[in-house]
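Q: Please take a close look at the nonpolar core of this model, and then at the sheet and the other contacts that go with it. A connected account with residue names and computed values would suit me best.

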Amino acid sequence: RDFSFFKAINDFTNGKLDGVEREMHEEAINEARSAGRSIDGLGIPSFMLETRANVTQGTSAIAPTNVLGFADAMREASVFNRVGANILTGLSANTTIPVTGESAVAWAAENGAAADGGAEFGKVELNPKRLASYVNISKQLLLQNGASAEQAIVRDLGRATAQYIDATLFKTANSASGVPNSLGQMTTGTFVEAGTHVDFTSIISDFIEAESTLAVAGGLEGNLAYVAHPKLMRDLKQAAQVAGVNAGMQGNLVNGYPCYFTNGAAASTSGTATADFFFGDFSKLYMGMFGGLDIMVDPYSVATNGQTRLVLNQYMDWG
């Protein structure tokens, strides 16, 4: 209210800027510095400026146009880092994890020879595989919006990476070379093909069959959880009640086990609930991160187009 634009111009011209005009000039300098820019003349901070609509027929010349902060793109929350997998960070070399083989014991006569119960050790091998992308950003966009535009894109790249890891891990199969195997391709899994689907009824039988199958295999312990396609959420949440007790989904639990949903799991375009789910001990899943999520700012490659390039690289593997 006390600021005078004409006083600011006169004082700045005469080299004796003071009062609220000096305070606002210093505020503008600090604001420009935080955005990586500098001010050579008289500075006016952005909060003192008002943006008005263009004067066109039928519109007001004084109606303001407010532009708020960047809203993030809608991204599905990642699942791979919530199911209890062993995530090994900071790896630099190819990594081998020995897996204990199953030993056997047997009854023997008092003086008889013991049977050989030894078993060969297995192993999980992690070798870096590259997940990559790049985004070109207009330098004019950065000049007008400062670091906030770049940060919004960097945030989205990180979330897109996590979402794509889910899509690769929980698929039925990955056919491209240089891509880690999905859970559906790992030979230690047992696959159960559901029978005829009955709305709100058969889905519980399918989930219980998965638990029973794992129990028979001796694997019903550890970080047990379900990971399912969201198409199955409908049936799980509306499963029929038996004797007043819902055998389906309670909160985020199905039959007492955590259930996570991701569009990374496979789903058919036909059928109400034609989709995949996984159930298992996710502490047996090892995910290796070779270095961190690397996002490099490259101001040179597309400089002639007035752009800056953000290059993303993530090296990882699992087994």
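A: In this predicted model, Phe170 is a convenient place to begin: leaving out residues up to four places away in sequence, Phe170 touches Val79, Phe80, Leu183, Val227, Thr262, Gly264, Ala265, Ala266, Phe278 and Phe282. A second, separate core of 16 residues includes Ala228, Leu232, Phe261 and Phe279.

Phe170 itself belongs to the largest nonpolar core, which has 22 residues, and those that touch the most other members are Leu169, Phe170, Leu183, Phe282, Leu285, Met287 and Trp318. Two or more residues of this core come from each of helix H4 (147-169), strand S5 (224-228), strand S12 (286-298) and strand S13 (307-318), and H4 gives the most, with 3 residues.

Phe279, a member of the second core, also has a partner in helix H5 (residues 202-216), where Leu214 is found. The C-alpha atoms of Leu214 and Phe279 are separated by 8.2 Å, although these residues are 65 residues apart along the chain. Apart from residues up to four places away in sequence, Leu214 touches Gly219, Leu220, Leu224, Phe279, Gly280 and Asp281.

Strands S12 and S13, which contribute to the largest core, also take part in an open sheet of 4 strands with mixed pairing, in the order S1-S12-S13-S4. Strand S1 (86-88) and strand S4 (129-138) stand at the edges with a single partner strand each, so one side of each has no neighbour in the sheet. On average, neighbouring strands of this sheet are turned by 25° against each other, with direction ignored. S1 and S12 run parallel and are joined by 3 bridges, and Asn86 stands opposite Tyr286 in S12.

Within strand S13 lies Gln314, a residue that is buried because its relative accessible area is 6%, where the cut-off is under 20%. Setting aside its neighbours within four places in sequence, Gln314 is in contact with Lys129, Arg130, Leu131, Thr161, Met289, Gly291, Gly292 and Leu293.

As a setting for these details, the protein chain has 6 helices and 13 strands, and buried residues make up 30% of its 319 residues. Among contacts with a separation of 6 or more, 69% are between residues 24 or more positions apart. The chain exposes about 20,000 Å², of which carbon and sulfur atoms supply 52%.

Definitions and conventions:
Residues numbered from 1 in each chain as written. Predicted model: local features only at pLDDT ≥ 70, side-chain atom pairs only at ≥ 80, totals over all residues. Heavy atoms only, no water. Core = buried A, V, L, I, M, F, W, Y, C linked by side-chain atoms within 4.5 Å. Buried < 20%, exposed > 50% of the residue type's maximum accessible area, 1.4 Å probe, protein only. Contact = heavy atoms within 4.5 Å. Areas by Shrake-Rupley, 256 points an atom, 1.4 Å probe, with all protein chains shown as cover. Pairing = 2+ DSSP bridges. Axes fitted to C-alpha atoms, helices over the stretch in contact; angles between N-to-C directions.
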